[in-house]
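Me: I would like to go through this model step by step, with each answer reasoned out before it closes on a value or a name.

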Amino acid sequence: MKLRLITRFGALCVLLVLVQGAFGQKAGGELKIHYRWNNQFSISQPDKSLKPVFAFAAQKVGVTLKDVANPVATNDTQEFQLQAAEQFSAADIYGGSSLAEYFYQYGTEGAFVDLMPYVKSGKLPNFKKFLDANPDVYAAIVNPEGKLYHMPYVPDGGVARVYYLRTDWLKKLGLAAPKTVEELEKVLVAFRDKDPNGNGKKDEIPYFNDKYREGVRLLTLWGARVYGNDNYGVRVVADQKGGKMYHAWTDAKFKAALKEMARWYKEGLVDQQLFTRKENTARKELWTKLNVGGMTHEWVASTGNYNLDKDLLKVVPDFKIEVFAPWGYKGAQGFEEHARVLVKPDGWVVSAQSKNKDAALAFMDWFYGEEGRNTTNFGVQGQTWDKLGPNGHPVFKPEVLDESAKSGGMNRYLWEKQGAQAPLGYFQDYEYERPWTPELAVKGVDLYASKAVKYAYLTPVMTFTKAEQEVVSEITDVLNAFLEESVINMITGKAEVDAGWAAYVAKAKELGSERLVAAYQSAYARYLKSTN
Amino acid sequence: MGMTAKKGIAGELRENWQLYVLALPLAVWLILYAYKPLIGLVIAFQKFSPFKGIAGSPFVGLDNFQRLMAGPSAYMFWRALKNTVQISLYGLAFGFPIPIILAILFNEAREGVFRKGVQTVSYLPNLISEVTIASIVLAMLQLNGLANVAIEGLLGVFGVDYKRISWMSEPAFFQGIYVLTGIWKNAGFDSIVFFAALVGISPTLYEAARIDGASRIQRIRYVSIPGIMPTIIIMLIIRVGNVLNVGFERVLLMYNPTIYSTADVLGTFTFRLGSSGFIDYGLSTASSMFNSLVGFALVIVTNRIARKASETSLW
């Protein structure tokens with residue numbers, strides 16, 4: 001009797017759960033998402049609930065989301081590759097950072113849905129509107145066969161790195177602000193010799209950088225091109241739009257600049273440990289800890305915050321770094337080479353095995369719409385912001401600005417608390433950055449964004465044909481490794497620039513530098529045609 | 001003959017089934033985790049895509065090996081190979097005898113708290129992770145690190161001027177630093193095997209030697225060392241087999257672009273080939289397979305030599 005009662009009760013429970021499940025489902029169905037970023041975040045909170053941005057998006061689009069990514073993985077690319085080995089059958093939407101090449105490769109092998117037919121047929125209205133308004137983004141992501149597999153992350157705000165110089169040291173030594181490279185050299189010599197940090201030791205390091213590859217970009221001071229765009233791997237450049245492409249690292253201007261930088265290194269004007277220091281430790285070490293650093297070339301907002309660093313100001317109360325426009329050599333106008341890249345190799349895709357393609361596409365398209373853009377940039381309305389400001393962009397609540405400043409920065413705050421600013425397919429909004437950029441840095445941004453600062457012509461982000469891509473993949477890594485080692489030896493004085501230059505260029509050609517330039521040139525010709 | 005053999009196996013199983021059951025989990029693990037993955041070696045002969053899988057990726061024969069050894073990156077490959085062999089040989093020449101000497105010293109020392117204490121302290125570095133060790137070493141060898149400060153002070157006592165050396169920027173020093181770090185980390189732990197072997201030598205042999213008038217050094221030379229010779233030979237064969245397995249982790253943590261010419265080893269070379277984010281699985285597998293094949297050949301050769309030269313060999 002009792003057993004029968006229990007079984008009946010059990011059956012009733014099961015029925016209720018099923019019914020609940022059926023009603024709990026949204027009209028658009030369920031979307032499984034495998035998306036991670038920064039090697040630590042997925043779309044769920046630690047308590048398994050969805051992050052606010054994604055919960056809000058799901059509600060607006062009318063779908064239920066299920067997070068199928070590994071919550072504790074530490075290598076996002078590896079997780080993605082494991083999914084590749086499963087033919088991407090576990091989820092409808094996949095994505096992450098630095099996956100563009102894989103999106104293209106697996107897309108052509110049949111793993112992902114080609115988005116172009118849907119763009120053309122109107123199923124992706126917001127994304128289509130964006131592409132129509134931005135032909136250079138279109139040219140950067142749609143491959144030569146006219147297919148597009150991913151919705152990309154498009155950054156906003158051109159200014160990236162700027163030159164920062166210790167103006168408290170300038171003041172202390174009674175020096176005028178330098179206006180040319182020649183004057184800058186005199187200033188750096190004074191930094192080195194006249195003991196501006198006042199400790200009686202000749203321990204000052206006039207120029208330093210957190211990343212040695214960025215340090216090599218100092219060669220631009222003497223007029224040489226170094227990198228094509230934000231990515232340190234692209235070293236094929238052109239001098240102006242429509243110009244002939246060439247390899248920056250085998251150019252005569254590069255040789256002349258190398259000699260100057262080698263001289264600076266020898267004379268102690270460049271950090272002697274530029275290439276051996278652990279990455280991303282120089283600013284903390286040489287400013288906050290030792291107060292020996294003079295000048296660097298760094299991201300404008302995050303570095304500007306050193307002016308407000310309490311620990312640093314306790315030890316060095318006068319500490320002040322200010323933004324300077326790039327200096328020119330021998331009367332030429334200086335130029336800046338680093339700007340935010342047009343399209344990041346991040347974003348997300350729809351699996352070809354998805355049974356819910358329409359819902360997946362609608363979900364992804366929402367992020368490119370106005371509401372979606374505001375939400376994924378600033379967080380959910382009502383939680384991190386209430387209304388739009390006079391310039392039409394959301395305004396953060398003051399408590400959000402306070403809390404984020406205390407907890408490791410706005411980016412981290414938004415990633416953790418909201419799931420906003422994740423590198424999925426969306427168009428960033430620089431206005432999210434402006435409110436927490438320190439005033440000095442804002443002045444720097446405005447300076448670099450004005451006509452006063454000239455930017456080098458950046459190698460556009462382009463798509464390659466299969467043949468061109470093979471050449472690029474085959475040559476790039478090996479050639480870059482050789483170039484880097486040789487250039488480092490020349491800068492540090494282990495190799496002579498004049499004596500070794502011919503052999504260096506010959507070896508670069510042997511490793512394929514000219515074939516590489518040819519591949520870029522043909523892709524560039526196509527790019528020019530499609531953006532004109 | 002056949003009948004006896006069959007009865008032999010069945011009888012063997014019946015008699016000693018407990019031992020076979022004990023060995024069963026390990027056998028299963030070996031088959032699943034060591035032998036089954038060997039199927040993946042075929043990737044070395046393919047243009048592999050994880051999406052297409054092993055079955056779907058095109059076969060390219062020896063293309064990957066040809067690219068590895070004669071393609072554009074060949075000069076880096078051969079340099080990495082040279083560095084790997086050099087570091088291993090230094091490690092072998094200096095790092096192999098030291099645990100033996102250490103074990104002999106422990107054996108000759110009087111048993112007691114002091115010996116136990118020294119032994120324990122010598123094992124401890126083995127427990128520290130590679131990351132911590134690399135950080136310690138790098139911090140000590142910086143321009144204003146402990147090493148330079150100490151040498152400066154020492155030479156200053158004699159009035160000698162010393163210009164601080166950036167140890168980690170000179171290619172010539174890296175291999176020595178690497179090997180010394182390895183010795184510091186592993187010598188104590190490696191000496192355990194030899195110490196255990198020494199303890200197993202019958203004390204009567206030492207007695208007999210002492211009665212015959214042998215000094216301590218002579219006792220070590222004629223009793224201790226021959227006594228652990230089988231252990232030494234086995235450990236040597238294993239060590240030689242690992243000649244191409246120079247620790248990827250430690251090199252990666254300790255090297256930097258200015259010393260690639262002596263610091264780049266096979267593991268780090270293949271790692272950097274994939275550093276642009278786009279990994280060539282076929283090439284990496286070919287590189288690892290080359291690594292393993294050479295190690296395999298070396299083990300066979302060394303074993304044969306050991307068998308000819310002594311009674312001890314792995315098989």
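Me: How many Å separate the centres of domain 1 and domain 2 of chain A?
Reply: In this predicted model, chain A is divided into domain 1, covering 21-154 + 343-426, and domain 2, covering 161-338 + 458-530. Taken over C-alpha atoms, the centres of domain 1 and domain 2 of chain A are separated by 34 Å.

Me: Which classes make up the side of domain 1 of chain A that touches domain 2 of chain A?
Reply: The contact takes eight residues from domain 1 of chain A and eight residues from domain 2 of chain A. On the side of domain 1 of chain A, these residues divide into one charged, one polar and six nonpolar.

Me: Which element gives the largest share of the side of chain A that touches chain B?
Reply: Between the chains, 28 residues of chain A are in contact with 22 residues of chain B. Helix H3 (76-85), helix H4 (100-108) and helix H20 (466-491) of chain A each give two or more residues to that side of chain A. The largest share, nine residues, comes from H20(A).

Me: In the sheet with the order S7-S10-S6-S11 (chain A), which are the edge strands?
Reply: This open sheet of chain A has four strands, and their pairing is mixed. Strand S6 (residues 161-166) of chain A runs antiparallel to S11(A), to which four bridges join it. Those that pair on one side only, and are therefore the edge strands, are S7 (205-207) and S11 (321-324) of chain A.

Note on methods
Residues are numbered from 1 along each chain as its sequence is written. Chains are lettered from A and ligands numbered from 1 in the order in which they are written. This is a predicted model: local features need pLDDT of at least 70, side-chain atom pairs count only at pLDDT 80 or more; totals for chains, interfaces and linings use all residues. Two residues are in contact if their C-beta atoms, placed from the backbone, lie within 7 Å. Domain bounds come from an automatic or database domain assignment. Ala, Val, Leu, Ile, Met, Phe, Trp, Tyr, Cys and Pro count as nonpolar, Asp, Glu, Lys and Arg as charged, and the others, Gly among them, as polar. Two strands pair if DSSP finds at least two bridges between them.
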